[in-house]
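Grab a pen and work through these short exercises on how a chain is divided up and how its parts meet. Try each one before reading the solution.

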Amino acid sequence: MSMLEPNHERLQNTLTVLSDADVGGTPGGGVSRPAASDADKSVRDCFVRITQGLGLQVRVDDIGNIYARRAGTDDSAEPVVIGSHLDTVVPGGRFDGILGVAVALETVALLNDSGIETTRPIEVVNWTGEEGARFPPAMLGSGVVTGKWSAEYAQSRVDAEGLRLGDELSRIGYLGEQSNRLTAFHASLEAHIEQGKHLEEAGADIGIVSLIEPVRWCTITVTGRGGHAGGSGPRQRAEAIVAAGRMVATARDLSLDADDFTTTVGTMKVEPGSNNVIPHRVEFNLDIRSSDDDTIARRLTEVTDRFGQIGREEGVEVQVEPYWEMTGPEFAGEIRGLLRRVADERAVKWEELRGVIGHDSLHLSSMGPAAMLFTQTTNGLSHCEEESAPWESVLATAGVYANAVLGLANS
Ligand SMILES: [Zn+2]
């Protein structure tokens with residue numbers, strides 16, 4: 001049943017067109033395209049031009065998501081949703097999000113080439129603001145459609161200059177109607193680069209994603225006693241920064257020992273932050289992730305207990321406040337089964353793996369059966385201009401993707 005063969009040249013061309021200098025491509029070989037920026041407008045115009053050229057019906061919803069619809073023979077049937085996002089971090093690479101849109105466009109082009117009509121409609125979607133780089137939080141467009149946030153909330157997010165997302169979408173001509181939103185789907189499939197080294201190390205062409213690992217973020221506030229660097233010896237102090245340093249190392253050591261969770265400290269705010277002053281307060285964030293929610297909860301309790309113990313030893317006060325969490329969904333078993341079958345038919349080497357980064361499919365999985373396909377990422381490098389993917393893996397992804405979408409659209 002594997003009948004669609006990706007057109008190398010066209011796919012390469014689509015990837016180039018979606019990351020060229022005129023749509024935010026950087027001289028360093030990456031892409032800088034924050035949501036609702038001028039570069040985002042250019043690439044959206046480009047997406048609309050390509051999809052209209054493929055004969056698709058384009059509409060835009062009230063958070064700027066663009067849907068390009070290919071009619072089904074039963075056009076009232078729930079659609080198959082494909083695509084990804086075209087916004088990037090600054091500077092980002094030429095594959096994150098872009099690859100998922102490109103293979104979705106290639107799928108439609110292949111169906112057109114072969115004159116294949118599918119029972120169900122197919123909708124290629126460019127989700128707004130996946131990265132959250134300019135208007136946090138991340139995955140705003142898919143979050144609004146799946147009811148995680150209201151459109152009012154999403155439209156009122158502001159960037160560093162105080163500009164509202166809703167105003168910026170309107171300025172670039174992509175603030176549409178609520179009635180245009182996706183309301184239901186039969187299946188959703190997103191291709192994405194892995195952004196890690198798992199597939200490369202396993203020598204697999206593609207990854208079939210089983211779930212997205214849950215994540216929790218906490219703020220840890222350590223309050224000690226300030227003072228002049230020359231004013232007291234180490235025994236007389238209550239040093240917030242020393243306690244915080246011990247906590248960072250302890251969290252790492254606990255995760256090394258247990259081997260079932262990972263912690264990362266990415267930011268630290270030291271007050272007052274002066275060469276010759278003992279800081280009275282240190283605030284840092286802790287990112288904790290594991291394969292399941294129960295492990296995260298258990299390990300976070302353990303980490304919190306150890307932080308409390310360090311606080312007592314150092315004579316400082318410690319507060320741990322969780323402020324964000326992402327509950328990882330398990331992706332649809334039927335779609336994963338279909339992906340395995342198609343990959344085997346095409347002699348594509350696949351691995352089942354867990355996702356460790358949020359994607360629009362995470363929100364979509366709360367609305368209907370969703371799944372993801374990963375492409376190898378060279379050296380695991382992502383969110384940088386060097387971001388790249390081996391061409392064989394891109395082609396393998398496109399081939400499995402197109403044929404799986406065809407299967408879904410006729411089921
Ligand atoms: Zn992405």
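**Two domains and their interface**

Keep in mind that this is a predicted model. In it, the centres of domain 1 and domain 2, taken over C-alpha atoms, sit 37 Å apart.

**Exercise 1.** Work out which residues belong to domain 1 and which to domain 2.

*Solution.* Start with the domain assignment: domain 1 is made of 8–213 + 328–409. Domain 2 takes residues 216–326. Next, look at the UniProt record, an unreviewed entry, which annotates residues 217–311 as "Peptidase M20 dimerisation". That stretch is 40% helix and 31% strand, with its end C-alpha atoms 20 Å apart.

**Exercise 2.** Describe how much surface domain 1 and domain 2 bury between them, and who contributes on the domain 1 side.

*Solution.* First the area: about 600 Å² is buried between domain 1 and domain 2, and carbon and sulfur atoms give 53% of that. Then the contributors: on the domain 1 side, Glu213, Gly328 and Val356 lose the most area, together 58% of what that side buries. Last, the head count: nine residues of domain 1 contact four residues of domain 2.

**Exercise 3.** Figure out what kinds of residues and polar links you get where domain 1 meets domain 2.

*Solution.* Check for salt bridges across the interface of domain 1 and domain 2: zero turn up. Now try polar contacts, counting residue pairs with both partners at pLDDT 80 or more: zero again. Finally, sort the domain 1 residues that touch domain 2, and you get five nonpolar, two polar and two charged.

Key
Residues are numbered from 1 along each chain as its sequence is written. This is a predicted model: local features need pLDDT of at least 70, side-chain atom pairs count only at pLDDT 80 or more; totals for chains, interfaces and linings use all residues. Side-chain values use heavy atoms; hydrogens and water are left out. UniProt positions are given in the numbering used here, feature names are shortened, and annotations may be inferred rather than shown by experiment. Helices (H or I, at least four residues) and strands (E, at least two) are DSSP runs, numbered from the N terminus. Domain bounds come from an automatic or database domain assignment. Contact means heavy atoms within 4.5 Å. Buried area is the accessible area (1.4 Å probe) that two parts lose on being put together, summed over both. A salt bridge is a side-chain nitrogen of Lys or Arg within 4 Å of a carboxyl oxygen of Asp or Glu. A polar contact is a pair of N or O atoms within 3.5 Å; within protein, one must be able to donate a hydrogen and the other to accept it, and residues adjacent in sequence count only if both atoms are side-chain atoms. Ala, Val, Leu, Ile, Met, Phe, Trp, Tyr, Cys and Pro count as nonpolar, Asp, Glu, Lys and Arg as charged, and the others, Gly among them, as polar.
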